[in-house]
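This report describes one helix and its surroundings, and then the relation between the two chains. The sequence and the structure are shown first.

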Protein chains: 2
Amino acid sequence: MSAIRHALTTKREDDFAQWYQEVISEAEMAEESGVRGCMVIKPWGYGIWERMQRLMDDRIKEAGVSNCYFPLFIPLSYFAKEAEHVDGFAKEMAVVTHHRLVSDGKGGLTPDPEAKLEEPLIVRPTSETVIGSAMSRWVQSWRDLPLMTNQWANVVRWEMRTRMFLRTSEFLWQEGHTAHADRQEAMEETLRALEMYRDFAETELAMPVIAGEKPENERFPGAVATYSIEAMMQDGKALQAGTSHYLGTGFAKAAGITYQDREGTQQLCHTTSWGTSTRMIGGLIMTHGDDDGLRVPPMVAPHQIVILPMLRDKPEDAELLAYCEELRRSLSARYALGEKLRVLLDKRPGKATQKRWGWVKKGVPLILEIGGRDAANGQITVVRRDRLWNTEGKVNFQAMSQEAFLGIAAGELEDLQGALYAEALAKRDANITKIDSMEELNAFFSETKRYPGWAEVVWSRPTGDELEDVVKQLKSLKLTMRNTPLRSDPVEGTCLFTGQPAVERIYVARAY
Amino acid sequence: MSAIRHALTTKREDDFAQWYQEVISEAEMAEESGVRGCMVIKPWGYGIWERMQRLMDDRIKEAGVSNCYFPLFIPLSYFAKEAEHVDGFAKEMAVVTHHRLVSDGKGGLTPDPEAKLEEPLIVRPTSETVIGSAMSRWVQSWRDLPLMTNQWANVVRWEMRTRMFLRTSEFLWQEGHTAHADRQEAMEETLRALEMYRDFAETELAMPVIAGEKPENERFPGAVATYSIEAMMQDGKALQAGTSHYLGTGFAKAAGITYQDREGTQQLCHTTSWGTSTRMIGGLIMTHGDDDGLRVPPMVAPHQIVILPMLRDKPEDAELLAYCEELRRSLSARYALGEKLRVLLDKRPGKATQKRWGWVKKGVPLILEIGGRDAANGQITVVRRDRLWNTEGKVNFQAMSQEAFLGIAAGELEDLQGALYAEALAKRDANITKIDSMEELNAFFSETKRYPGWAEVVWSRPTGDELEDVVKQLKSLKLTMRNTPLRSDPVEGTCLFTGQPAVERIYVARAY
């Protein structure tokens, strides 16, 4: 096998962080905006987000949840009502204090002291408090329950160290907020949302995840229980790709969300919230990317097939373009994965080879190159993004008749969707190691092995000071507890942290 | 004809402003949020916005424009680069000055003086400056042009007097931003966007509009030319429902958007921007609403058909529900106006009559009520929202077989879409009056007639002080110039403001 000249400069195994930045830049997904901690999401990155949005939104609506829109600004007093919540967020919020600018006398502008707000406004880091205020108006009787809302919005959490898609001061997300009559219904909704996220991640994103409960120390500020889906990136680190919280009655009490039950008694609602964000795009990159760039699962690919005519700036081009346009039309009328195929005919000027590498780096599932001779013979050549190289280290183009390709296109996309999932699953499972003692844990994560993966341990689910102690021990190894899987066999043995009988399984890993 | 008991308390002719608020409240479209100047958009209002978004987004993509996402925050220095622009907006912007809260020593929180930003951030009122900064990186050569981007986002303009959907401190919109090689291409794009808006308003919203150029005094801050679509509300006032700006090279100069032309010379780009917002929902209400609430054009109705089973809380309900569900399924498989029908089976508990009035006020195009006997006989009853009352002042339900209804449903929706447009167009045209002199103008708008409509005048297109004088005269009558229609016969006569020969037509009206 000859040496392959990969499309990226940095290989995953050499410098994963650098590779990640290179994919984002080379696939033209996003870039620094010049505004501290905020990124510009470029068409290819945003196109993937739009696909995620549409598919997630379908699932949210299917569950009977209604989309609404709530204010960007939250008065400080709303925010301060839930003590744990405000403590958890106060350290990283953008505060609006003025509503007008005025000349600073030096040719510039400055906030107008005459236009200082009586009460500062917080740019929402999350919307429990402002949505809680609306819910307190909307819920009167048991007949109004469950109340299930969702919003697609931008939120701001002031971050000191940012990384594109994974941790930015402003990000885009959906946040579901629901109110229920009792604990059981609220817990069911919390877990329904979690299961929706799990299935979305695995089906649409082809990204295997573990759905489970976060340990107490990792709970959302003010929550009674927090659940997450955790995915393993190719460097073995964990990425929390979605969370769902059972909030108990704390937020309902703070906001006054009460209802009259069937017996006429006033009761507090039990609320939930759940969210996924543009962070999933980071997860997608680090799950499926390779040394040639991104590989986008067909279900979320803005274009699933790109047709590249090999234009020569000659009159014959017209015939070639007509052939390609006809092919585009035929393909676009077909279905794969439950939707019409999304096909782009790339007519931009420039060499087809150069354009090909652009699409390879963007991770388009199927790339077609068609020359004048192909057009004359009713032929095409195609390469599948997950089989980019042949055994001779050349780009693995397959030639076939147009008709043959029309017959297999949908099947190839469906197969590719499944292949990406299978590959990621195999990688993840190969990198989860059962560990029984602190010595072993220490050794495992101190090894020279660059990407150790996750440790699976059993523990006694300590709380309070005992838990604090565990967290501290792990922190010294730069480790965190990820979650306790919902789907798990019964556990045996002893907690490696406390020496007490173990009650459940938990994953320990380095994380984003 | 008997007296009709309309569903709303306030009639349009008695108090249009009050009627508008009542529609929004009774149709459960939006409400005050408790946060100054910000509203909560409720599911029905947001559902209409989602429909508008999807249809507008299709048009935007069809034009070859790519969606992106740019930062919410704009550093003050970016904003200050374009002098006219910052002057136009500085009076009404939310300013972020701190990034953390700290205890105020009295049990509350206050912005942390240690976390004061070196440079204040503006919450975007519009994104020309921050997008211009990105464009300056993206455009290098003539090959990169045209560069056409759009974003769907929230923006904030601090408003002292707010009115839901029409003028709120935060609102949702799309903003297109494009860069071109020369004036001609940029003007073509400006007018393409304007025409897209006109066609969208008339086709999707069934709202007739005049597309034209705003007078100089109404230009967007920093623009060379501003165009708008103007719709007439049922109180005769004008609503600017979308704008498109040719920005010349001013923003390009401020942000450094330059390109190397084919000859190798550096040139400034010519830029455009264009936007439509949640304000269109206000326009929809005031164009199509009647004394029974909203009437939503089928193309933007979240549900086009609502099926109300007349449940009796008895075992027979199961059979009735099965019949209705089967009908819902059959209808949902059919197409109208180019899309699958959107049909809701409303199974909520409660009396069908009461639920009916809820849907009437929301303006659902077709409402079906189906009782047990109907189900047994394969019948339905249906009322069309624009033909709600019969000549006896009763709700105009028509009975027919299920099969007959399946045959006509799509046609009825298409007819209703057209009927709403025709009705609005006739109303508007009947309320445009040609006026030749200031005396006439004065009299026209001083009349006791409650809703005078628009005056159509010819003018000499004065500039500078002369224009200022016209603006002042009109202001004393609470009037503004709306726009100069693009589609217009040649004009004759004398400008009623200046006495000079007229060069074009312009509409004068009270406005939102």
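## The outer face of helix α14(B)

In this predicted model, the face of α14(B) that is turned away from its buried side carries the exposed residues B:D465, B:K472, B:K475 and B:S476. The helix itself, residues 464-476 of chain B, has 13 residues and reaches 19 Å from its first C-alpha to its last, a span close to the 18 Å expected at 1.5 Å a residue. After α14(B) comes B:K478, a residue whose phi is positive, near 60°.

## The buried face and its partners

On the buried side of α14(B), the residues concerned are B:L467, B:V470 and B:L474. Viewed down the helix axis, the buried residues of α14(B) fall within an arc of 55°, and they therefore line one face of the helix. An α-helix has 3.6 residues a turn, so residues three or four places apart point the same way.

The elements of chain B against which these buried residues pack are two-fold in kind: the helix α13 (438-446), and the strands β25 (454-459), β26 (480-481) and β28 (504-509).

## Relation between the two chains

A turn of 180°, with a shift of 0.0 Å along the axis, lays chain A on chain B with an RMSD of 0.0 Å, and the two copies are thus related as by a two-fold rotation axis. Within chain A, the C-alpha nearest this axis belongs to A:V96, at 2.1 Å from it. The same surface serves both copies, in that 100% of the contact residues of chain A recur in chain B.

Key. Residues are numbered from 1 along each chain as its sequence is written. Chains are lettered from A and ligands numbered from 1 in the order in which they are written. This is a predicted model: local features need pLDDT of at least 70, side-chain atom pairs count only at pLDDT 80 or more; totals for chains, interfaces and linings use all residues. Side-chain values use heavy atoms; hydrogens and water are left out. Helices (H or I, at least four residues) and strands (E, at least two) are DSSP runs, numbered from the N terminus. The expected span of a helix is 1.5 Å times one less than its number of residues. Buried means under 20% relative accessible area, exposed over 50%, partly exposed in between (1.4 Å probe, protein chains only). The arc is that of the directions from the helix axis to the C-beta atoms. Contact means heavy atoms within 4.5 Å. Copies are superposed by least squares on the C-alpha atoms of residues with pLDDT of at least 70 in both.
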